[in-house]
Amino acid sequence: MSLQFPEGFLWGGAVAANQLEGAYQEDGKGWSTQDVMPHGIKTSPTEVPTDDNMKLIGIDFYHRYKEDIKLFAEMGFKVFRTSIAWSRIFPKGDELEPNEQGLRFYDDLFDECHRYGIEPLVTISHYETPLHLAREYDGWVNRKLVDFYARYAKTIFTRYKNKVKYWLTFNEINSILEFPFMSGGINTPKEKLSKQDLYQAIHHEFVASALAVKMGHEINPDFKIGCMVLSMPIYPLTPHPDDLIKAMQSDHKNMFFADVHTRGYYPGYMKRYFKENGINIHFEPGDEETLKHTVDFVSFSYYMSTCETADPDKQIRGEGNLLGGVPNPYLEASDWGWQIDPQGLRYIMNAFYDRYQKPLFIVENGLGAVDRLVTQENGEKTVEDDYRINYLQDHLVQVAEAVADGVEVMGYTSWGCIDLVSATSAELKKRYGFIYVDRHDDGSGTLARTRKKSFHWYKKVIETNGQSLFK
């Protein structure tokens, strides 16, 4: 049987506003949580934005987006995933009226995409809560954020109802378990945050997400609105039944988020967890009904798998395992300790589709690596990133395997299709892109764009709707 991708498959790339736009206080933009995270998730936030924060300039996409979208079009992108910076639209987050200059920027950005026939796929909240909402309200711990988010979502749904068809409510929503400040704008330090407050904050996000789905479908019935989770297959480290149960329990922590988004209610295993941990989720009147507004599709990031064991002597956390777990002895890892497991992508796609019977969208997948610019014989510069090509090739073949398994997949957007600032480490040397950006962690560089070897490889993949992968 020959492997293939479905007709109309949406090939493209993905970025986040806070990691590439820069212009952190231009045209009325307020400060976001990212503006005070100069070292990513490694250290506590600063009081005010500091010069060592690479995201304040990013790759200056705010002023160079036309040049970049033209390059995406040259690769043949059908879709471009980006996010709207909440604090560009509502600088503090709790205003009644939006910032017109911020709205106009995204008008221009989406118009530029459409010039080339590229569909925008827009994340409403991607790791950048307005800083005022974090400090004044403690982020999503506070129920008031549901209303602030709903106002923001309604504003952008209405404004871009004829320009954006595909929407995601929250980026990697389950990451709030590990990174409450970055993911949920929660100002209380993680070590002082109670499980009660954390899961109440998650409930508020679920309600806000479901409200957005309801509202979006009312504003434009053609909208396709998805959830977005950080996916991570969890394998038992050994065949011991104790390891299997430990893996199942860890898996529940992640699957919980997609379960609520797709089914519209809390699963039994979480009710048990709440009971055993003294957690009592407060439901406002109407919440139960609101949650029934479920998503149209399930989108997810995929970078790695992990293992679990019940044996305390073997519970050594993997260096790059974002959501915990122990390293898999059978897998290699990237320079940042992220274990590379292409088959895990096929596995998780089958798991999601078997569980939900909703279309899937792979909206992040890629390899962060140190790239070196070289000069070719013709005098042009490039990056010989065969390691990235091999990584993506291996993963995309597994996507085709999942399609052959009967999984319905809408599209694939490679993460960081142009080099940007890493969310976890806030470095630029951890590059993902098909396009090299001349900017470095010491702040130097011309910001010039250069096509890598992978640029031409991905162009061919898109041109042939994936058939070049099998030759």
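Two strands count as paired here if DSSP finds at least two bridges between them. Keep that in mind as you look at this predicted model, since pairing is the thread that runs through its central sheet.

**The barrel**

Eight strands close into a barrel, and going round you meet them in the order β1-β2-β3-β4-β5-β7-β9-β12. The pairing is parallel. On average, neighbouring strands of this sheet are turned by 25° against each other, direction ignored. In general, strands of a sheet pair through backbone hydrogen bonds, and they can do so in a parallel or an antiparallel way.

For a worked example, pick out β5 (residues 224-231) and β7 (residues 297-302): these two pair in the parallel sense over six bridges. Which residue of β7 stands opposite Met228? Look for Ser299.

**Helices lying across the strands**

Now find helix α4 (residues 100-115), which lies across β2 (79-83) and β3 (119-125). Helix α4 runs at about 150° to β3. Helix α14 (residues 453-463) lies across another two strands, β1 (10-14) and β12 (409-415), and runs at about 150° to β1.

**Empty spaces**

Rolling a probe the size of a water molecule over the atoms shows where empty space is left. Searching the whole structure this way turns up six cavities of 30 Å³ or more. The largest cavity has a volume of about 190 Å³. It is lined by 20 residues, and the closest to its centre are Glu172, Trp338, Glu364, Ala423 and Thr424.

There are pockets to explore too. The largest pocket has a volume of about 870 Å³, and 34 residues line it. Nearest its centre are Tyr199, Gln249, Ser250, Lys253 and Tyr273. Where does the largest share of this lining come from? It comes from α9, with seven residues. Each of α8 (195-219), α9 (241-263), α10 (268-276) and β8 (306-308) supplies at least two residues of that lining.

The second largest pocket holds about 400 Å³ of space. Its lining has 18 residues, with Thr43, Ser44, Pro45, Phe181 and Lys190 nearest the centre.

Here is how the three linings divide by class:

| Space | Nonpolar | Polar | Charged |
|---|---|---|---|
| Largest cavity | twelve residues | five residues | three residues |
| Largest pocket | 15 residues | ten residues | nine residues |
| Second largest pocket | nine residues | five residues | four residues |

Key. Residues numbered from 1 in each chain as written. Predicted model: local features only at pLDDT ≥ 70, side-chain atom pairs only at ≥ 80, totals over all residues. Heavy atoms only, no water. 1 Å grid on protein atoms, 1.4 Å probe; cavity = no way out; pocket = protein on both sides within 12 Å on 5 of 7 lines; lining within 4 Å. Points joined across faces, edges and corners; volume = space filled by probe spheres on them. Nonpolar A, V, L, I, M, F, W, Y, C, P; charged D, E, K, R; others polar. Helix = DSSP H or I, 4+ residues; strand = E, 2+ residues; numbered from the N terminus. Axes fitted to C-alpha atoms, helices over the stretch in contact; angles between N-to-C directions. Contact = heavy atoms within 4.5 Å.
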